[in-house]
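Student: I'm new to this one and would like a close look at a single part of it. Could you walk me through the strands and the space they enclose?
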Amino acid sequence: MSNLELRPAEVVCDSSGRAASPAVEVLTPRVVPLGGTRAMRVSRTLPQRGRSLIGPWCFIDHYGPERVAMGVPAHPHTGLQTISWLFSGQIEHRDSAGHHALIRPGELNLMTAGRGISHAEVSTSDTTVLHGAQLWVALPSAERFADPAFEQYVPDIVRQAGFDARVFLGTLLGSTSPAAAHSPLVGAEITIEPGHTAHIPVDAAFEHGVLVDTGAVTVDGTDVTRGSLGHVATGRDVIELRAGDAGTARVLMVGGRPLGERILMWWNFVARTHDEIVRYRADWQAEIGAGSRAQGRFGLPSGAAEAPLPAPVMPNVRLKPRE
Ligand code: MN
C-alpha cells in the first residue's frame, strides 16, 4: 500500500521521553481516500497527532469489508517493513527485488524495504470484497539500509479457551514467527468468542496497540470501538481483551519495545533527516523518468500493469526537529 495523500505532511516520530500512563488511550481513525483510478478508502490510526509510534510500528491502515478493487501502482519505500494482513480478498504483489506473490487471508506478507524497494499491489480479478490492514514497522538505524526482502509465513492457529490467535511477527502465547524482525516486536490477529475475556500475557518492556476489526471490545476495561486503536503503555504483563455478548470480536494486536529513535516519515519513506527524504524523492522521480532502463536505489517491479506513481510535491517548509 502507498500513502496516496496528495499533500502528505512530514511527520517526526519520537518515542523518547513519553511518560507511561496506566490508562488505555483510544486513538480514533481518520478516513483517507486512496486516489488514482480506484475509489478505495482506508481508516488510518497511525501516525496521528499525539502519537506516531507504538514500539517500532509507525503506520496502521485498516480497510473494508468493502466491495472494492485495490490498484496501487508501483511506488517506493525506504527504511521500513510493510506487513499486509488480509481478512478477505486477495492481492497480487510485485516488487523490484523480483518477488511476485499472492497475498491471502491469514498469511503474513512481509516486505523489507531497507535501503530501497518499489512494489505494486493489485487485488485479483476474482476478489469482490476486500478487508484487511497494512502496517508499517520502522527499521532501527543499524538496520535501515538492509537488503530488500520479501517473506511469506502462514502462522498456526493458537487455540485457547474462548479465543484463538495467529502470531505473524515475534512471539506471543508460545507461538513464534520466523519472519525477520529487526527490533523487539510482536504482531498477531486475535479472535474472541462472544462474551469471553482473553488474558494475553505480554512483554512488560513493550507498548501495545489493539486495532479493533470486528465486534465490541474492551481493552483492559476501556471500550475501543470498531476501527479504533487502543494504546497500552509499557509496564503491563497481561492485556485483557473482552468481547461483547453480541458477536465474535477480532483484533490485531501490535507491540514492541519503544524504538527510542526520532524518525522522519514523508509519503512512503522513513528516514532520519529532511535531506534524506529529498534525496529519496529525487531518486524515485529520476528512476520513473528513465522507465524500464531505471537502475538505482529502487528499481521497478516487472509485469506491473500501470505506470509507476510519481511522488507528491514536497512541502515548502524544511522540517525542524521537535524538541
Ligand atoms: Mn507500499
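Student: To get started, which residue in β11 is the bridge partner of Pro 76?

Tutor: Before anything else, keep in mind that this is a predicted model. The residue you want is Ser 118: that is the bridge partner of Pro 76 in β11. This bridge belongs to a wider pairing, since β6 and β11 are joined in the antiparallel sense over 5 bridges. As for β6 itself, the strand spans residues 71-77 and is mostly covered, with 7 of its 7 residues buried.

Now follow β11 to the cavity. The model has 2 cavities of 30 Å³ or more, and the second largest has a volume of about 40 Å³. Around that second largest cavity you'll find Thr 82, Ser 84, His 93, Ile 103, Asn 109, Met 111, His 119, Glu 121, Gln 134 and Phe 150. The elements that give two or more residues to this lining are β7 (80-88), β10 (108-112) and β11 (117-123). Sorted by character, the lining has 3 nonpolar residues, 6 polar ones and 1 charged one.

Two of those lining residues also face each other as partners: Thr 82 has Met 111 in β10 as its bridge partner. Their strands, β7 and β10, run antiparallel and are joined by 4 bridges. In general, strands of a sheet pair through backbone hydrogen bonds, either parallel or antiparallel.

Step back and you can place β7 and β10 in an open sheet of 7 strands, in the order β3-β4-β5-β12-β7-β10-β13, with antiparallel pairing. At the edges stand β3 (30-34) and β13 (149-153); each has a single partner strand, so one side of each is left without a neighbour in the sheet. From one strand to the next, the twist averages 20°.

One more lining residue is worth a stop: Ile 103. In β9, Ile 103 stands opposite Ile 91. Strand β9 covers residues 100-103 and has two faces, a covered one with Ala 101 and Ile 103, and an uncovered one with His 100 and Leu 102. Its partner is strand β8 (residues 91-95), joined to β9 by 4 bridges, and the two run antiparallel. Together β8 and β9 make a hairpin with 4 residues between the strands, where Gly 98 takes a positive phi near 95°.

So here's the route to retrace on your screen: begin at Pro 76 and its partner Ser 118, look for Thr 82 and Met 111 in the cavity lining, and finish at Ile 103 with Ile 91 opposite.

How values were computed. Residues are numbered from 1 along each chain as its sequence is written. This is a predicted model: local features need pLDDT of at least 70, side-chain atom pairs count only at pLDDT 80 or more; totals for chains, interfaces and linings use all residues. Side-chain values use heavy atoms; hydrogens and water are left out. On a 1 Å grid over the protein atoms alone, a cavity is a set of points where a 1.4 Å probe fits but cannot get out, and a pocket is an open set with protein on both sides within 12 Å along at least five of seven lines; lining residues have an atom within 4 Å of a point. Grid points are joined across faces, edges and corners, and a volume is the space filled by probe spheres set on the points. Ala, Val, Leu, Ile, Met, Phe, Trp, Tyr, Cys and Pro count as nonpolar, Asp, Glu, Lys and Arg as charged, and the others, Gly among them, as polar. Two strands pair if DSSP finds at least two bridges between them. Axes are lines fitted to C-alpha atoms, for helices over the stretch in contact, and angles run from 0 to 180 degrees between N-to-C directions. Buried means under 20% relative accessible area, exposed over 50%, partly exposed in between (1.4 Å probe, protein chains only).
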